[in-house]
Amino acid sequence: MGNLDALMHGFTVALTFHHILLMIAGVLLGILVGVLPGLGAPNGVTLLLPLTFSMDPVSAIILLTSTYWGALFGGSTTSILFNIPGEPSSVATTFDGYPMARAGRATEALTYAFMSAGFGALVGVIVITLLSGFVTSFALRFGPPEYFAVYFLAFASFVAFGSGAPLKTIVSICLGFAFGAVGMDSVSGAMRLTFDFNDLIRGISFLVVVIGLFGIGEMLLTLEEGVEFRGASGRLNPREIISAIRRLPRYWVAMLRGSAVGVWMGITPGGPTAASFMSYGLAKRLSKRGANFGKGEPEGVIAPETADHSAGTSAMLPMLALGIPGSATSAVMLGGLMIWGLSPGPMLFVERADFVWGMIASMYLGNVVGVVLVLATVPFFAAMLSVPFTIIGPIIVTVCIVGAWTVAGAPFDLWLVVVFGITGWAMKKLDYPIAPLVLAMVIGDKAEDAFRQSMIMSQGSIGVLWSSPLVGVLSTLAIVLLLVPVFTAWRARRRKGHVEEEVPSE
Amino acid sequence: MLSRLRLELIGCGVVFVLGALAVLGAMEHSIGWADDGPQAGYFPFRLGVVLLVCSVLIALQAMSNRTELAGEQMLSREGARRILGFFLPLIGYVAIAQFLGLYIATALYLLLVTRWIGRHPWRTCIGVAVGVPVVSWLLFEIWFSVPLLKGPVEIWLGLA
C-alpha cells in the first residue's frame with residue numbers, strides 16, 4: 001500500500017465526529033495549557049495521559065497530539081502579548097513578537113505567528129507522510145544491535161547538539177536511565193535499586209517525574225522571578241488578520257528555511273526549543289532585514305515559529321518509526337503508546353496501520369483546526385491572564401498534584417512530585433537539560449534490552465556494533481557525535497575568549 | 001544569597017550521592033556477566049560509575065571557574081522568600097493529603113494560599129477553595145470514573 005493510499009485510509013479513521021470533537025477539545029485544552037505559565041506541553045500531555053488509559057489508542061493519540069499543537073500555539077500567544085513565553089520553545093518568539101505587540105501590531109504579530117506555525121507544522125506532516133514508508137522499510141531490517149546503535153546515536157546527538165554542557169547532558173541521561181531502572185528488572189525479575197522500599201517496587205513513573213520537573217519546577221521558577229502580566233491587548237481585528245495573511249507569502253524564504261531547520265531538528269532529537277533558536281539566529285544572519293531583528297521585525301516572528309512547529313510535528317516520525325522521541329513531549333507520548341499496549345517501531349506501521357495513519361491524518365486536520373481555533377479564542381485566553389497569579393498558580397499546583405495521583409493512585413507519588421519539583425528548579429538554574437532525562441527514563445528499558453540481546457548474540461563482544469555496514473555506520477556516527485564536544489572544547493581553547501551563545505534547555 | 005558556585009557544588013553532591021546509591025544498589029545483584037548475558041546489576045553499576053565520575057568532573061570545572069561562579073547570584077533573598085512561601089504550603093498540602101485525602105487537602109491548601117499569600121477577599125478564597133474540589137469531583141469521579149484519594153471525611157459523609 002502506497003503512502004498516499006494509507007493516508008487516505010487514515011483520513012477515514014480520523015474524520016469521524018467523535019475524533020473531530022476530541023481534536024477540538026485537545027486543541028482548546030492545549031491552548032489553555034500553553035497560555036498558563038508553569039503548565040507546558042510536556043506537562044499538559046502528561047496530565048491528560050492517565051485519562052486516556054481506557055480510551056482506544058487512536059482516540060487517545062488524537063487527543064494528546066491535538067493538545068500538543070494547541071500548547072505550541074498557546075505558548076506563542078503569551079510570548080507576543082505579554083513577553084512571557086508559555087513554552088520554552090516560544091522564547092525566541094518574544095524577541096520580535098513582543099516589540100511588535102507594543103507597537104500596536106499585536107494582531108499582525110499573532111497572525112504571522114499562527115499562520116507560519118501552521119505552515120511549519122504542515123511541512124512537518126508532509127515530510128512524515130513522504131518519509132515514513134522509507135524509514136519503516138529501513139527500520140524493518142533492524143535487529144537488537146541496530147536498535148541499540150540507534151538509541152546510542154539518539155543520546156550521542158543530545159550530547160553533541162543539545163543545549164546543555166556535554167557533561168551535564170551525560171548526567172541527565174544517566175540519571176534518567178537510573179530512575180528508569182528502579183523496580184523490577186524486565187529480564188531477570190530482580191528488584192533493582194529499590195533498597196527494600198515497598199513504594200519503589202512499582203518503579204518510578206516517568207509521568208510523575210515529568211509533572212514534578214516541568215510542572216512544579218517551572219512554577220518555582222516563575223514564582224521566584226515574580227510574574228506580572230503587563231502587556232498588549234489581546235483583541236484582534238479581523239480586517240488586520242486578512243491583510244496580514246495576504247502579506248505572508250512575502251516571507252516565503254524565512255518560512256521555508258524555518259521549516260527545514262525544524263524538520264531537521266525534530267527528526268534528530270534536537271527538539272523544538274533548539275530549532276526555534278537556531279532558525280531565529282539563521283534568519284537574523286541571512287535576512288536582508290537582519291538589522292531590524294529584535295525591534296519588531298515580522299521575519300523574527302515567522303522564523304522561530306515555523307521551526308518550532310515543524311520540529312514539534314516531525315519529532316513524531318522517529319517516535320513512531322524507531323521508537324525514539326525527538327522532544328520531551330513526544331517522549332511522553334511514546335510512553336503513552338507503550339501504556340496503551342502498542343510497541344513503537346517499524347512493526348507498528350505494519351500491524352497497526354490504522355493507528356499510525358489515523359494519527360498522521362489527524363495531524364493535518366489538527367493543525368488547521370488549531371490555527372482557526374487559536375485565532376478565534378485568543379482574546380478569551382488573553383483575558384484569562386488578568387486573573388491574579390496568586391489564584392491561578394495554586395490552582396495549577398492542585399492540578400499537578402491531582403494529576404500525579406491519577407497516574408498510579410499512589411500517595412507516595414505525591415512526595416515524588418515535590419522532590420522532582422525542587423530538582424527541576426535546580427536543573428533549570430544550573431543548565432542541566434531536562435529532556436534527555438525524560439527520554440532516558442522512557443526508553444531506558446528498551447535500550448538495555450537491546451544491549452543485552454546484542455551482547456548475547458555476540459557472546460559479549462562489543463564488535464557486534466560493527467558487525468554489518470548498517471549498524472557500523474550508526475555506531476561510528478554515534479561515537480563521532482560523542483567526540484564533537486571534545487573537539488569544540490579543543491577549538492575553543494585555541495580561540496580564547498570566544499563565548500558561545502547559550503540556548504535555554506527545553 | 002545563594003551563589004552559582006554553591007548551587008553547582010550542591011548539585012554535584014546530589015549527583016555523587018545518587019551515583020553511589022546506584023553502585024550500591026547494583027552490588028546487591030551480580031554486576032558481571034553470565035551465560036545469559038549481562039546480569040541485573042550490570043547496567044546500573046556502570047551508570048553509577050559514570051555519574052560518580054561526571055559529578056567529580058563538573059565539580060572540578062566549577063572550582064576552576066570559582067571566582068566567576070561565586071559572583072553569579074542564583075537566588076536572591078526575595079526570591080528565596082517567595083519560593084519558601086510557595087514550597088512550604090505545598091509540602092503541607094501533600095502531607096495532609098496522605099491522611100485526609102486529596103479533596104479536603106486541596107480545599108485547605110487553596111484557602112490558605114489564596115488568603116494568606118494572595119491576600120484576596122474571603123469571598124474569592126472560599127469560592128476557589130470550594131469550586132476546585134467540586135469541579136475535580138465531577139471531572140474525575142463522575143466523568144472519567146478515576147477515583148481520587150479519599151480520607152475519613154468522605155467516608156463519614158458516605159461519599160467513598
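In this predicted model, Arg119(B) is exposed, because 10 other C-beta atoms lie within 10 Å of its own and a residue with 12 or fewer such neighbours counts as exposed. Arg119(B) belongs to the loop that joins α4 (77-117) to α5 (122-143) in chain B. Its backbone deserves attention as well: phi of Arg119(B) is positive, at about 55°, although the residue is not a glycine.

Chain A offers another residue of this kind. Asp196(A), which is not a glycine, has a positive phi near 65°. The residue sits in the loop between β2 (191-192) and α9 (206-225) of chain A. Asp196(A) has 8 C-beta neighbours inside 10 Å and therefore counts as exposed.

The loop that holds Asp196(A) is followed by α9 (206-225), and this helix leads to a contact within chain A. The axes of α9(A) and of helix α18(A), residues 389-408, come within 9 Å and cross at roughly 170°. The two helices are therefore roughly antiparallel, since an angle over 145 degrees is counted in that way.

Which residues of α9(A) and α18(A) meet? From α9(A), the contact involves Leu207(A), Val208(A), Ile211(A), Gly215(A), Ile216(A), Met219(A) and Leu223(A). From α18(A), the partners are Gly393(A), Ile396(A), Val397(A), Cys400(A), Gly403(A), Ala404(A) and Val407(A). By character, the residues of this contact comprise 11 nonpolar and three polar ones, with no charged residue. Glycine is counted here as polar, and the glycines in the contact are Gly215(A) in α9(A) and Gly393(A) and Gly403(A) in α18(A).

Key
Residues numbered from 1 in each chain as written. Chains lettered and ligands numbered in written order. Predicted model: local features only at pLDDT ≥ 70, side-chain atom pairs only at ≥ 80, totals over all residues. Helix = DSSP H or I, 4+ residues; strand = E, 2+ residues; numbered from the N terminus. Buried ≥ 20, exposed ≤ 12 C-beta atoms within 10 Å, placed from the backbone. Axes fitted to C-alpha atoms, helices over the stretch in contact; angles between N-to-C directions. Parallel < 35°, antiparallel > 145°, perpendicular 65-115°, else oblique. Contact = placed C-beta atoms within 7 Å.
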